[in-house]
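User: I am new to this structure and would like to learn how to read its sheet and its helix packing. Please guide me through it.

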Amino acid sequence: MVIKMDKTHKLLLLSGDGIGPEVMAEAEKVIELLEKNTDISFSIQHGLLGGCAYDQTGSPYPPETKQMAHEADAILLTAIGGPMWENAPFNKRPEQGLLDIRADLNLFANLRPARVFDCLLDASSLKNDLIKGLDILIIRELIGGIYFGEPRGIENLPDGKKRGFNTASYHTDEVTRIAKVAFAAAKRRKKQLCSIDKANVLESSIVWREVVTEMAKNEPNVTTIHMYADNAAMQLASNPAQFDVILAPNLAGDILSDLAAAITGSIGLLPSASLSEITENGTAKGLYEPVHGSAPDIAGKEQANPLATILSLAMLLENSLDRKDLAQVIEDAVSATLNDGFRTPDIARSREKTITTSQMGDEVIKRLQISLSGKRKAG
Ligand code: NAD
């Protein structure tokens, strides 16, 4: 499918739970501005996913959302979940909705960039010299491994105790398709790939390592190394700058990407993309979401940082709609906003003045407006 410049792009917006609607409102301001000031046009639908969907329909991924998700060119999600659904049936919990939509749309490649903004070096728990200029891309396999393996379940034992069990498995084809995405990304970047596994103890990891090793033979321009997941966690915390692209199985990728997020300062700043097969023109259908969760502790307080959601929109424009130009304008506006000193509480130092979620969105909009009107004049 080739996306033409004059096409109206179908976007599905899923505001989710907790701080979700607050941060989505700021991304919607950006969408509106792009429509008014550039050649892009969107047809927007809103859908339910997660706890709000369960409350209204009895399912965390209702059929109406499923239909809209299949019809959309790309989906922007904020976050789902929260303590009020802790007692919902296990297969109806908000998190199940997220797992279902990823599997349903075959979103096997999760891209999580972890970049450090120079002006926020002090927000990290690591020393400045360890993280200055840090720019890592974690590529996590998203619909295989132990999160999806069968059999799984909880067995009630005759002695009244229980046994919970899951299956970790990887098939050659599952590893091949995610490794392809990782090699392609490494070639666009510093040409360094670190593949993560636990091949010292897990058979699924032995297959993972064999496949990546074989593929690396055909990628002479990429330096490929293998690292056990536990060592990778230690290396990320002690010398993160050694990494460029990290390729990881589902569970290890989940943990390592949160660790990478933490060392950048705030998870309120990190976007992610979950992609299906990449088409001939280099785009893929995708679900884009901030790395953070629904942050129930600050929901409704106007304290949430909307930048991760706005940056997820930038990733959407680049990876699903082939509009790297607009993605760049958004990223520049976010950088400029941070450089000008605007801070939500999560990224503020102790005595720094903070602004609200919607004020942060407005500051990004101001800088976007200036940049887009400059481009129009130049054009
Ligand atoms: P969380 O990411 O929601 O919150 C962790 C901490 O980070 C909290 O202190 C929170 O206030 C803060 N935080 C998160 N996002 C922020 C933002 N944009 N701005 C400022 N601060 C922010 O993780 P959690 O507390 O472990 O989980 C809460 C709920 O979110 C759970 O129900 C969990 O299952 C769900 N969750 C959903 C997703 C998702 O939708 N992809 C991801 C992770 C967690």
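Analyst: The following turns treat the sheet, one of its strands, and the packing of helices. The model is predicted, so local features need pLDDT of at least 70 and side-chain atom pairs count only at pLDDT 80 or more, while totals for chains, interfaces and linings use all residues. Residues are numbered from 1 along each chain as its sequence is written, and side-chain values use heavy atoms, with hydrogens and water left out.

User: In what order do the strands form the sheet?

Analyst: Two strands pair if DSSP finds at least two bridges between them; helices (H or I, at least four residues) and strands (E, at least two) are DSSP runs, numbered from the N terminus. Here ten strands form an open sheet with mixed pairing, in the order S2-S1-S3-S12-S11-S4-S5-S10-S8-S9. S2 and strand S9 (223-228) are the edge strands, each pairing on one side only. From one strand to the next, the twist averages 20°; axes are lines fitted to C-alpha atoms, for helices over the stretch in contact, and angles run from 0 to 180 degrees between N-to-C directions.

User: Why is strand S1 described as largely enclosed?

Analyst: A residue is buried at under 20% relative accessible area, exposed at over 50%, and partly exposed in between (1.4 Å probe, protein chains only). In strand S1 (residues 8-14), five of the seven residues are buried, so the strand is largely enclosed by the rest of the structure.

User: Which strands pair with S1?

Analyst: S1 runs parallel to strand S2 (residues 41-47), joined by seven bridges, and His9 stands opposite Phe42 in S2. With strand S3 (residues 74-77), S1 pairs in the parallel sense over four bridges; there Ala74 is the bridge partner of Leu11.

User: How should the packing of helices H6 and H7 be read?

Analyst: Two packed helices are described by the angle between their axes and the distance between the axes. Helix H6 (residues 172-188) and helix H7 (residues 203-216) pack at about 45°, with axes 9 Å apart. They are therefore oblique to each other, given that angles under 35 degrees count as roughly parallel, over 145 as roughly antiparallel, 65 to 115 as roughly perpendicular and the rest as oblique. Contact, meaning heavy atoms within 4.5 Å, involves residues including Val175 and Phe183 of H6 and Trp208 and Met215 of H7.

User: Which strands does helix H10 touch?

Analyst: Helix H10 (residues 307-319) packs on the sheet and touches S1, S2, S3, S4, S11 and S12.
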